[in-house]
Amino acid sequence: MTMSDPIADMLTRIRNANTAKHDTVDIPSSKMKLAIADILVDEGYIAKYDLIEEGSFKTMRITLKYGATKNDKIITGIKRISKPGLRVYANKEELPQVLGGLGTAIISTNHGVITDKEARKLGVGGEVLAFIW
């Protein structure tokens with residue numbers, strides 16, 4: 001059976017591992033998921049990710065990031081916005097802000113998968129994939 005929403009699966013795995021205070025989480029890899037993981041590393045939500053080749057398919061191992069103790073979570077919330085049943089698009093004038101700019105919106109544009117801040121600088125809109133704060 002094929003998965004209908006692999007990005008939601010990735011975000012849910014990260015959310016569940018973060019709630020359970022795991023150090024790492026394994027996720028099946030794709031170009032879109034790698035682009036999202038790059039944003040999470042650049043914005044400081046996760047420590048790093050590694051690609052692991054197991055036979056014919058690749059797996060991403062994401063290393064989660066915590067504060068001084070594991071009770072101090074860096075990722076306090078993560079939410080999928082645009083779903084296969086209801087796509088959500090925003091043009092350059094109506095790009096969303098997460099928690100008044102404290103969080104990050106991940107947007108898929110014709111310039112690639114970028115944050116809401118980069119999309120404002122480039123003056124482009126696109127599909128709003130997820131919010132993270």
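Start with the whole protein chain in cartoon view: you should find three helices and eight strands. Keep in mind that this is a predicted model. Trace the protein chain from its beginning and the elements come in the order α-β-α-β-β-β-β-β-β-α-β.

**The whole chain**

Stay zoomed out for a moment. The C-alpha trace spans about 40 × 40 × 25 Å along its principal axes. The radius of gyration is 15 Å, which agrees with the value near 14 Å for a compact globule of 133 residues. Of the contacts with a separation of 6 or more, 59% join residues 24 or more positions apart.

Now switch on the surface. Its accessible area comes to about 7,500 Å², and carbon and sulfur atoms account for 53% of that. Buried residues make up 41% of the 133 in the chain. Colour by charge next: there are 19 positive and 16 negative side chains, and the centres of these two sets lie 3 Å apart.

**Into the cores**

Hide the surface and select Met10, Ile14, Ile36, Leu40 and Ile62. These are the residues with the most contacts inside the largest nonpolar core, a group of 25 residues. Which elements each supply at least two residues of this core? Highlight α1 (6-19), β1 (24-28), α2 (31-42), β3 (57-64) and β8 (126-132), and you have them. In soluble globular proteins, nonpolar side chains tend to be buried together.

Centre on Met10 and show what surrounds it. Beyond its neighbours within four places in sequence, Met10 is in contact with Ile27, Lys33, Ile36, Ala37, Met60 and Ile62.

Then pick Ala90, Ala105, Ile107 and Phe131. They are among the residues of a second, separate core, which has 11 residues.

**Three buried polar stops**

First, select Asp5, in the segment before α1. Is Asp5 buried or exposed? It is buried, because its relative accessible area is 14% and the cut-off for buried is under 20%. Leaving out residues up to four places away in sequence, Asp5 touches Arg80, Lys83 and Pro84.

Move on to Asp116, in helix α3 (residues 116-122). Asp116 has 2% relative accessibility, so it counts as buried. Show its contacts, ignoring neighbours within four places in sequence, and you get Leu95, Pro96, Gln97, Thr104, Ala105 and Ile107. For a distance to try in the viewer, draw a line from the C-alpha of Asp116 to that of Val128: the two residues are 12 apart along the chain, and these atoms are separated by 8.8 Å.

Next comes Thr59, in strand β3. Thr59 is buried too, with a relative accessible area of 7%. What does Thr59 touch, not counting residues up to four places away in sequence? Turn on the side chains of Asp26, Ile27, Ser29, Asp50, Leu51, Ile52 and Glu54 to see its partners.

**Two backbone oddities**

Finish with the backbone angles. Most residues other than glycine have a negative phi. Go to Lys21, in the loop between α1 and β1, and read off its phi: the value is positive, near 60 degrees. Lys21 counts as partly exposed, at 31% relative accessibility.

For the last stop, select Leu99, in the loop between β5 (89-90) and β6 (104-109). Phi of Leu99 is also positive, near 50 degrees. Bring the surface back and look at its side chain: Leu99 is exposed, with a relative accessible area of 52%.

Note on methods. Residues are numbered from 1 along each chain as its sequence is written. This is a predicted model: local features need pLDDT of at least 70, side-chain atom pairs count only at pLDDT 80 or more; totals for chains, interfaces and linings use all residues. Side-chain values use heavy atoms; hydrogens and water are left out. Helices (H or I, at least four residues) and strands (E, at least two) are DSSP runs, numbered from the N terminus. The radius of gyration is taken over C-alpha atoms; the globule rule is 2.2 Å times the number of residues to the power 0.38. Buried means under 20% relative accessible area, exposed over 50%, partly exposed in between (1.4 Å probe, protein chains only). Contact means heavy atoms within 4.5 Å. Accessible areas come from the Shrake-Rupley method with a 1.4 Å probe; for residues, only the protein chains shown count as cover. Lys and Arg count as positive and Asp and Glu as negative; His and the chain ends are not counted. The place of a charge is taken as NZ of Lys, CZ of Arg, CG of Asp or CD of Glu. A nonpolar core is a set of buried Ala, Val, Leu, Ile, Met, Phe, Trp, Tyr and Cys residues joined through side-chain atoms within 4.5 Å.
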